[in-house]
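Could you walk me through this model, stop by stop, as I click along in my viewer? I would like to know what to select next and what I will find there.

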Amino acid sequence: MLRRKVGLLGTAVGVAMLAVGTAQAQDTIKIGALTNLEGPFAVPGQDGHRGVDMAVKLHNGMAGGKKIQILKYSSDATPDKAVAATRKAVEQDKVDIMIGPLSGDEGIAVKNYSKTHPEMVFVNGSSGAQATTLQDPSPNFYRFNTEGAQWMVGLGELALSKGYKRMWLVAEDYGFPYSQVQGFMASYCAMGGHVVKKAWVPLGTKDYSSIIAGIPSDVDALVVVLGGSDAVNFLNQAEQAGIDKPFVGGSITVDQTVLNYKGKKRESLLGTASAGPMADGIDTPAWKKFVADYKAQFPDGFPSPSLFAYLYYINTQAVLLGLDAVNGDLSDKQSKLKAALAKLEFDGPAGHIKLDENRNAIGSTYITEVAKAADGSFYNKVVKEVPNVSETLGLSKADFDKMGLGNRDVPNCP
Amino acid sequence: MSAAEWRRAMNTGAGRRAWSRIPGGPEAGGAPPSSATVAMVAAPGIEARIGALLGHIRLRHVLVLAAVLVYPWVVNSFFAFQIGGQAMALGLIALSLTFLGGYGGMVSLAQMTVAGVASYMVAIFGVAGAAQGGASSLGWPWEIAVVIAVLVATIFATLVGWLSVRTEGIYTIMITLAIGVSFYYLAQQNYSIFGGHEGFNQVYAPTVLGINFRDPIPFYYLALFWALAGYFFVKYLLRSPFGIALQGVRENPRRMNALGFHVTAHRVFAYSVGGVLAAIGGVLMVWYNNRVSPGSASTEMMLNILIIAVMGGMKHPIGAFIGAIVFVLVQNFAIDIIARERFNLVIGGVFLLIVLFSPDGLLGLWAYFRDRFLSGGIQSKFKSAEGG
């Protein structure tokens with residue numbers, strides 16, 4: 001009796017699902033958006049979703065004459081979860097296009113997964129690992145943002161111009177900081193600078209006392225490629241230990257979370273140089289409009305769009321522009337859309353973007369310095385824009401291949 | 001220990017007491033075992049054993065087996081691979097905990113670590129993609145890598161057992177938690193062997209006789225095969241002299257010791273057996289994820305295995321798989337039920353409700369409903385007994 005009831009219920013649910021399935025008309029394009037809503041990047045991940053929503057809204061919710069429907073997915077910054085969420089979107093929810101994921105290792109895993117579904121387009125979210133597009137790239141994975149190494153191009157020159165000839169480096173021990181360090185050191189070493197010692201610390205290190213004790217006294221400055229709470233902990237402890245050398249930071253080292261922390265060391269951060277694909281203080285109408293739109297649309301968001309909102313925004317914008325270019329035509333395994341995306345060029349909020357032959361972005365990097373605004377708050381003032389930064393960091397393909405991807409020991413110039 | 005020794009032990013009070021606490025097969029819920037089960041253990045003839053085995057097959061067993069065999073053909077690849085395949089692999093790891101915890105009285109959090117060791121060994125000895133961290137795999141054929149993986153993980157599990165069997169209750173949990181966390185940090189910070197934070201990518205399931213086990217349906221059947229194998233192995237083992245002695249040890253170690261059983265040896269061997277199950281689950285997990293990193297054996301994953309085992313119910317081996325299926329379903333579909341930012345609330349809520357309202361997990365829930373509704377309820381039974 002009970003079994004029959006269960007059976008009936010099952011049939012009813014099945015019929016209901018079928019009905020929903022057919023009601024889904026062909027004039028809607030389903031886009032899956034994967035960020036992090038749990039784990040260490042839950043807060044940036046939320047801002048990533050804001051970036052997606054904002055791009056769709058500014059496009060009036062339409063692209064190529066079709067309605068855009070966004071389905072949201074979440075991972076916890078682990079590649080396993082990222083692939084699981086992507087697989088659900090693609091195989092169960094049948095999205096047409098997939099945008100995501102957020103962090104580097106996730107990006108490599110999703111890129112590998114995209115090869116099992118060559119019929120559809122995968123676009124990166126905000127992940128910035130070099131290996132995603134430089135090692136064994138996938139023909140249907142597109143990245144309209146530049147990656148971790150590109151974000152640091154030009155910072156080496158600035159450090160040398162400030163007279164930092166010998167530097168000491170501390171960075172977290174995983175893929176993204178490897179890329180950042182390579183972006184910095186490739187040109188810094190080539191132009192005669194020396195990184196005398198590198199300290200690699202595990203992600204989430206709380207006690208830096210033994211690391212700080214190992215800073216040689218004869219270096220000119222420190223390179224600090226740490227993020228979030230790691231950066232705050234290091235800066236606090238360096239201050240307590242009486243370190244008075246200037247800093248050069250990575251792309252997520254001196255962001256708003258670090259600049260807003262309270263402490264005496266904060267004052268000494270003034271003038272700290274860093275670099276990234278965007279900066280709060282970009283002085284162009286396009287960027288100002290982007291910030292104004294963000295503030296208007298998300299009163300509960302950050303004071304100004306984070307890196308993740310920006311990266312998800314440009315990747316989503318690229319998809320919508322591509323759909324416009326082909327009038328929403330996804331037939332023949334999305335071949336028209338793939339061709340359109342590969343040759344797409346557009347002006348994002350922070351500079352011109354186009355793709356290279358591995359479908360990775362060539363775009364601008366902004367060199368910044370921490371400055372004090374009129375109201376006493378700290379922000380990153382743009383010192384210089386480096387346009388057209390390629391994934392080979394301005395080197396020829398042969399030279400870059402000789403160096404290889406960044407890791408603990410590459411590049412090296414003690 | 002031989003069957004004859006077991007029979008001698010049975011004649012003492014301790015043995016009988018142990019018997020009365022053995023969860024009785026699929027009819028679970030702590031029902032006393034039928035005399036047929038006793039006969040099956042004692043009967044020496046192979047024909048009699050097979051006959052007794054066949055006698056145990058009920059309609060529901062045939063239905064469940066048919067359902068799991070047909071399942072991947074009626075659902076899409078997502079359900080076959082991500083729900084079915086993953087649930088079977090996780091269930092196998094949870095089964096090792098059910099075996100240790102439910103029957104040996106030793107709750108080991110390190111079962112996911114054992115699985116993680118097996119995963120890592122498959123990557124280290126077998127074929128994996130180049131890692132940015134600098135570790136490289138040996139590239140040996142997958143058959144050898146898998147055998148080594150299961151062996152190493154089993155030895156590891158035995159060592160874990162050897163270390164922790166002299167502790168009881170919460171101390172066992174603590175010591176296995178400590179071992180698990182140590183392994184996590186070892187893998188996280190060792191670059192030459194374990195590949196650090198990134199671990200190993202592109203660890204693919206092999207292609208055998210033209211069947212690519214990376215594909216959803218072949219992988220599902222592979223996982224199903226090992227899940228069934230593990231399930232029947234555990235069921236068999238629980239009725240063997242060793243299994244019964246193990247349950248005796250769970251109930252009263254001092255008494256078993258007085259009877260001449262080597263309590264520590266039984267417990268350590270239980271860890272080894274659990275290690276084999278977890279190791280096979282670990283091999284399946286690395287092929288399922290195509291990769292392994294410290295996160296694959298993190299504290300969160302260790303707790304997930306505990307959640308699966310407890311949620312399913314530790315009174316019967318099938319609980320591990322029921323728990324795994326529910327866990328995987330909730331994890332995948334909670335995000336569709338509620339606001340995207342709040343979906344972990346659903347996951348936590350479901351687990352809380354199950355554990356709160358049924359201390360024996362989903363199996364306990366099922367036993368309750370069966371007693372309450374399907375067989376007229378316990379009270380009516382009592383009444384009819386009084387009347388007769």
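Start in the middle: select Ile99(A), Val123(A), Leu155(A), Val223(A) and Val224(A), the residues with the most contacts inside the largest nonpolar core, which has 113 residues. A nonpolar core here is a set of buried Ala, Val, Leu, Ile, Met, Phe, Trp, Tyr and Cys residues joined through C-beta atoms within 7 Å. A residue counts as buried if 20 or more other C-beta atoms lie within 10 Å of its own, as exposed if 12 or fewer do, and as partly exposed in between, with C-beta atoms placed from the backbone. Now colour helix α13 (residues 307-325) of chain A, which gives this core its largest share, 12 residues. Helices (H or I, at least four residues) and strands (E, at least two) are DSSP runs, numbered from the N terminus.

A word on the ground rules: this is a predicted model, in which local features need pLDDT of at least 70 and side-chain atom pairs count only at pLDDT 80 or more, while totals for chains, interfaces and linings use all residues. Residues are numbered from 1 along each chain as its sequence is written, and chains are lettered from A and ligands numbered from 1 in the order in which they are written.

**Around Leu155(A)**

Keep Leu155(A) selected and add Phe184(A), Val248(A), Ala273(A), Ala275(A) and Ile367(A), its contacts once neighbours within four places in sequence are left aside. Two residues are in contact if their C-beta atoms, placed from the backbone, lie within 7 Å. Apart from this core there is another, of 102 residues, and Ala118(B), Ala149(B), Ile325(B) and Trp366(B) are among them.

**Strand β11(A)**

Two of those contacts lead to the next selection, strand β11 (residues 273-276) of chain A. Which residues cover its two faces? Ala273(A) and Ala275(A) sit on one side, Ser274(A) and Gly276(A) on the other, and all are buried. In a regular strand the side chains alternate between the two faces of the sheet. Add strand β14 (residues 361-372) of chain A, which pairs with β11(A) in the antiparallel sense over 4 bridges; two strands pair if DSSP finds at least two bridges between them. To see one bridge, pick Ser274(A) and its partner in β14(A), Thr368(A).

**The six-stranded sheet**

Next, show the open sheet of 6 strands in chain A, with the order β2-β3-β1-β4-β5-β6 and mixed pairing. β2 and β6 of chain A each have a single partner strand and stand at the edges, so one side of each is left without a neighbour in the sheet. Inside the sheet, β1 (residues 28-36) and β3 (residues 66-75) of chain A are parallel partners over 9 bridges. Asn36(A) has Ser75(A) as its bridge partner in β3(A).

Now bring in the helices. α2(A) packs on the sheet, touching β1, β3 and β4 of chain A, and its direction makes about 160° with that of β1(A). α13(A) lies across β1, β2, β4 and β5 (121-123) of chain A and runs at about 160° to β4(A). For these angles, axes are lines fitted to C-alpha atoms, for helices over the stretch in contact, and angles run from 0 to 180 degrees between N-to-C directions.

**Backbone oddities**

Most residues other than glycine have a negative phi, and most peptide bonds are trans. Here are some exceptions to pick out:

- Gly100(A) and Pro101(A) are joined by a cis peptide bond with omega about 5°; Pro101(A) is in the loop between β4 (97-99) and α4 (104-114) of chain A.
- Val410(A) to Pro411(A) is also a cis peptide bond, with omega near -10°, and Pro411(A) is in the segment after α15 (397-403) of chain A.
- Asn60(A), not a glycine, has a positive phi near 60°. Its place is the loop between α2 (42-58) and β2 (62-63) of chain A, and Asn60(A) is exposed, with 10 other C-beta atoms within 10 Å.
- Asp136(A) has a positive phi of about 55°. Asp136(A) is in the loop between α5 (131-134) and β6 (141-142) of chain A and is partly exposed, with 15 other C-beta atoms within 10 Å.

**Zooming out**

Finally, show both chains: 25 residues of chain B are in contact with 29 residues of chain A. On the chain B side, α6(B) gives the most, with 3 residues.
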